[in-house]
Amino acid sequence: MKNAYIKKVFKQVKETCPNETQFLNAVREVLESLEPVYDANPELEKYAYLERICEPQRVVEFQVAWKDDEGNIQVNRGYRVQQNNAVGPFKGGLRFNKTVNLSILKSLAFEQTFKNALTGCPMGGGKGGSNFDPHGKSPAEIERFCHAFMKQLYPYIGSKTDVPAGDLGVGGTEIGYLLDEYLKHRKDIGTLTGKPLDKGGLKGRTEATGFGLCYFTEEMLNDHKKSFKGKKVIISGSGNVSTYACKKATELGATVIGMSDTHGYIIDKKGIDYKKIIKAKENRASIENYLKYSDSTVYAENPTDLFKTKCDICLPCATQNEINLDTAKILVKNGCYCVAEGANLPTTLDAIAYFQENKVLFGPAKAANAGGVGCSYFEMCQNAEGSKWTFNKTDKKLKEMMVNIYHNIKDAAIRYGHPENFVMGANIHGFETVIAKMK
Ligand code: NDP
């Protein structure tokens with residue numbers, strides 16, 4: 001960091017939340033990208049945009065007490081971080097995962113503010129969730145938890161103020177339970193997105209993040225005279241984003257040779273079939289189950305070893321900090337020339353720098369996985385219109401959005417003298433969109 005104003009802002013953020021490592025990393029990445037903007041436009045300092053963007057507008061923390069199957073009362077902590085609503089209502093997913101804490105959610109809400117701005121849709125940034133771990137919980141326990149969680153959260157959200165969606169551990173089923181509870185208190189169906197189709201959901205939302213990731217990546221590859229066709233791809237995770245990234249990458253002509261989960265990873269040189277992944281992963285079972293459906297597949301424990309597989313393209317789609325510097329070095333050594341993030345913050349800052357130094361095409365999450373939230377906005381439109389969009393309408397608009405995002409971030413990077421730095425381009429274009437509204 002060289003710019004004196006940017007340094008001052010980062011120092012303030014560090015002093016305010018010294019122990020929030022993930023949040024500080026997310027802030028640092030964005031602030032470093034914005035140095036050329038402040039070097040060229042020092043008059044922006046007087047508006048204190050950065051001070052305001054870095055401080056969440058509101059954070060709600062609450063107790064969630066629920067009954068397990070034995071009748072015992074369990075207690076978890078719930079959160080909603082409402083980061084910035086200059087562009088539109090706060091918008092961002094709910095995450096149920098044992099790793100959830102305030103620092104992670106603040107980092108994700110901060111990222112979400114820029115990501116949502118990149119979509120070109122009127123949405124601000126937010127994020128929420130709980131340290132509730134759905135692994136090993138019965139369907140009835142998950143349902144009771146969702147109801148207890150929403151009983152606490154409902155006063156703070158609404159279709160015009162804050163619109164949560166799913167994230168890790170929160171899929172269509174959980175959103176359905178959360179909506180059932182919400183509707184007991186307020187009749188406002190547009191308050192949640194990622195809803196099941198029979199509860200106001202959008203056709204194509206389930207596929208949107210994985211498909212959008214591949215549309216973005218294909219555009220970035222095409223722009224460099226490359227494509228998915230005939231390429232070997234590895235995708236971490238085997239949940240919502242990974243599964244539909246597998247489907248679309250395969251449709252675009254790639255062979256997806258490796259996927260993973262929290263238990264381990266599978267390799268199949270003939271190509272992984274997304275339909276078999278869905279079957280294998282029913283009830284959050286281990287990906288090892290895939291072996292039941294395929295003779296050409298091998299399974300191994302330790303999911304991070306997936307990244308040691310020789311591939312052309314890598315799509316990290318599981319969780320944060322999956323790819324560190326050592327992993328990045330292995331990927332580059334093995335010939336991987338394109339990494340696009342389906343998950344949020346899956347690559348550490350030093351690993352990103354290493355990819356960029358080694359001319360790997362790197363698509364940052366806030367651009368590459370923005371298709372999910374973009375389609376959430378389409379779901380909000382559908383609910384407000386009282387209409388039903390077709391799958392093809394959603395998919396066509398998703399593709400247009402992802403192609404636009406790629407070119408907007410590419411142009412922003414070029415304007416500030418850092419062509420090919422799509423991390424910088426995404427942060428700058430997102431920032432420009434947010435401050436245009438804050439003004
Ligand atoms: P899911 O819960 O559907 O799937 C997550 C997958 O990742 C599961 O297969 C899980 O394994 C696996 N996983 C989790 N941790 C690890 C790990 N340490 N190593 C290997 N695999 C792991 O979540 P989503 O697919 O919805 O979300 C994935 C990521 O994408 C998250 O970072 C999320 O924030 C981001 N994202 C999601 C969007 C969406 O629309 N869903 C939108 C934008 C971003 P297991 O099954 O064993 O738990």
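A residue is termed partly exposed when its relative accessible area lies between the under 20% of buried residues and the over 50% of exposed ones. N321 has a relative accessibility of 47% and therefore counts as partly exposed. In this predicted model, N321 is placed in the loop between β10 (313–316) and α11 (325–333). Its backbone carries a positive phi of about 55°, although N321 is not a glycine.

A positive phi is also found at E420, again not a glycine, with a value of about 80°. The loop that holds E420 connects α15 (391–415) and α16 (422–438). With a relative accessibility of 43%, E420 is likewise classed as partly exposed, because this value falls between the two cut-offs.

As a whole, the protein comprises 16 helices and 12 strands. The radius of gyration is 21 Å, close to the 22 Å that the globule rule gives for 439 residues, so the protein is as compact as a globular protein of that length. The C-alpha trace spans about 60 × 50 × 45 Å along its principal axes. Of the contacts with a separation of 6 or more, 71% join residues 24 or more positions apart.

Buried residues account for 58% of the 439 residues. The accessible surface amounts to about 17,800 Å², and carbon and sulfur atoms contribute 49% of this area. As to charge, the protein holds 59 positive and 51 negative charges, whose mean positions are 3 Å apart.

The interior includes a largest nonpolar core of 54 residues, in which F216, F228, I235, M259 and L315 touch the most other members. Helix α8 (residues 205–222) makes the greatest contribution to this core, supplying 8 residues. Another core, of 31 residues, lies apart from the largest one and has C17, F23, Y49 and M438 among its members.

The surroundings of I235 were examined further. When residues up to four places away in sequence are left out, I235 touches S242, A245, C246, V256, G258, M259, S260, L306, L315 and C317. Two of these partners, M259 and L315, are also named with I235 among the core residues that touch the most other members.

A polar side chain was considered as well. Q112 is located in helix α5 (residues 102–118). Its relative accessibility of 6% is under the 20% cut-off, and Q112 therefore counts as buried. Beyond residues up to four places away in sequence, Q112 is in contact with K91, G92, G125, G126, K127 and V373.

Note on methods:
Residues are numbered from 1 along each chain as its sequence is written. This is a predicted model: local features need pLDDT of at least 70, side-chain atom pairs count only at pLDDT 80 or more; totals for chains, interfaces and linings use all residues. Side-chain values use heavy atoms; hydrogens and water are left out. Helices (H or I, at least four residues) and strands (E, at least two) are DSSP runs, numbered from the N terminus. The radius of gyration is taken over C-alpha atoms; the globule rule is 2.2 Å times the number of residues to the power 0.38. Buried means under 20% relative accessible area, exposed over 50%, partly exposed in between (1.4 Å probe, protein chains only). Contact means heavy atoms within 4.5 Å. Accessible areas come from the Shrake-Rupley method with a 1.4 Å probe; for residues, only the protein chains shown count as cover. Lys and Arg count as positive and Asp and Glu as negative; His and the chain ends are not counted. The place of a charge is taken as NZ of Lys, CZ of Arg, CG of Asp or CD of Glu. A nonpolar core is a set of buried Ala, Val, Leu, Ile, Met, Phe, Trp, Tyr and Cys residues joined through side-chain atoms within 4.5 Å.
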